[in-house]
Amino acid sequence: MKDQEPRAFQITPRDNVATALTAISEGTYFLFGGEEGLREAGEEIPRGHKVAVRPIGKGEAGIKYGVSIGEATADIRAGQWVHLHCMKSCYDERSSGLDIHTGEATDISYDVVS
């Protein structure tokens, strides 16, 4: 395994998401940790973001660190990017109102008064 190859880390075998240690393009990446081995990413996963290591059904918990970190708002395929567009946080009620790329709030207006 070369250092520049795409890779992700699964903290515990119970986790159904792993963290991308490098940007992962659609295709093969290496999973370290609980279920170590080659995996397939179905889309681009930004560095530091989560990738599903197995299917997660709508309403099911996303598990990281061996605990629930959120709830799937849609069915998530193994190898799919797991972020605000398909999961809501169980720590932040406003997570579903944030832009998935910038993190800006989309549920409030920033009208400037002159």
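**Exercise 1. Classify Ala61 in this predicted model by its relative accessibility: buried, partly exposed or exposed?**

Step 1. Locate the residue. Ala61 sits in strand β6. The model is a predicted one.

Step 2. Take the value. Ala61 has 29% relative accessibility.

Step 3. Apply the cut-offs. Buried means under 20%, and exposed means over 50%. Ala61 at 29% therefore counts as partly exposed.

Step 4. Look across the sequence. Ala61 and Glu71 are 10 residues apart along the chain. Their C-alpha atoms are 4.5 Å apart in space.

**Exercise 2. Work out which strands stand at the edges of the sheet that holds β6.**

Step 1. Write down the order. Three strands make an open sheet, β6-β7-β9, with antiparallel pairing.

Step 2. Find the strands with a single partner. These are β6 (61–64) and β9 (87–89), so each has one side without a neighbour in the sheet.

Step 3. Add the twist. On average, neighbouring strands here are turned by 40° against each other, direction ignored.

Step 4. Check the pairings. β6 and β7 are joined by four antiparallel bridges. One contact is Lys64, whose bridge partner in β7 is Val67. Strand β7 (residues 67–72) is joined to β9 by three bridges, also antiparallel. There, Ala72 has Met87 of β9 as its bridge partner.

Step 5. Recall the general rule. Strands of a sheet pair through backbone hydrogen bonds, in a parallel or an antiparallel way.

**Exercise 3. Which phi sign does Tyr65 take, positive or negative?**

Step 1. Place the residue. Tyr65 lies in the loop between β6 and β7. The hairpin of these strands has two residues between them.

Step 2. State the expectation. Most residues other than glycine have a negative phi.

Step 3. Read the angle. Tyr65 is not a glycine, yet its phi is positive, about 65°.

Step 4. Add the exposure. The relative accessible area of Tyr65 is 53%, so the residue is exposed.

**Exercise 4. List the residues of the nonpolar surface patch of about 610 Å², then examine Tyr91.**

Step 1. Name the members. The patch is made by Phe9, Ile11, Leu21, Tyr65, Val67 and Tyr91.

Step 2. Place Tyr91. This residue belongs to the segment after β9.

Step 3. Judge its exposure. Tyr91 has 62% relative accessibility and therefore counts as exposed.

Step 4. Follow Phe9 into its strand pair. Phe9 stands opposite Thr19 in β2. Strand β1 (residues 7–10) and strand β2 (residues 17–20) pair in the antiparallel sense, over two bridges.

**Exercise 5. Give the strand order of the open sheet of six strands, and name its edge strands.**

Step 1. Set out the order. It is β4-β3-β1-β2-β5-β8. The pairing is mixed.

Step 2. Pick the edges. β4 (37–41) and β8 (81–82) each pair on one side only.

**Exercise 6. What is the geometry of the aromatic pair formed by Phe30 and Phe32?**

Step 1. Count the pairs. The whole structure yields one aromatic pair.

Step 2. Use the geometry. The ring centres of Phe30 and Phe32 are 4.8 Å apart, and the planes stand at 70°.

Step 3. Apply the cut-off. Planes over 60 degrees apart count as edge-to-face. At 70°, the pair of Phe30 and Phe32 is therefore edge-to-face.

Step 4. Set the exposure of each partner. Phe30 is at 17% relative accessibility and counts as buried. Phe32 is at 25% and counts as partly exposed.

Technical notes. Residues numbered from 1 in each chain as written. Predicted model: local features only at pLDDT ≥ 70, side-chain atom pairs only at ≥ 80, totals over all residues. Heavy atoms only, no water. Pairing = 2+ DSSP bridges. Axes fitted to C-alpha atoms, helices over the stretch in contact; angles between N-to-C directions. Phe/Tyr/Trp six-rings, centres within 6.5 Å; stacked < 30°, edge-to-face > 60°. Buried < 20%, exposed > 50% of the residue type's maximum accessible area, 1.4 Å probe, protein only. Patch = residues over 30% accessible without salt bridge, like charges linked within 9 Å, V, L, I, M, F, W, Y side chains within 5 Å. Areas by Shrake-Rupley, 256 points an atom, 1.4 Å probe, with all protein chains shown as cover. Salt bridge = Lys/Arg side-chain N within 4 Å of Asp/Glu carboxyl O.
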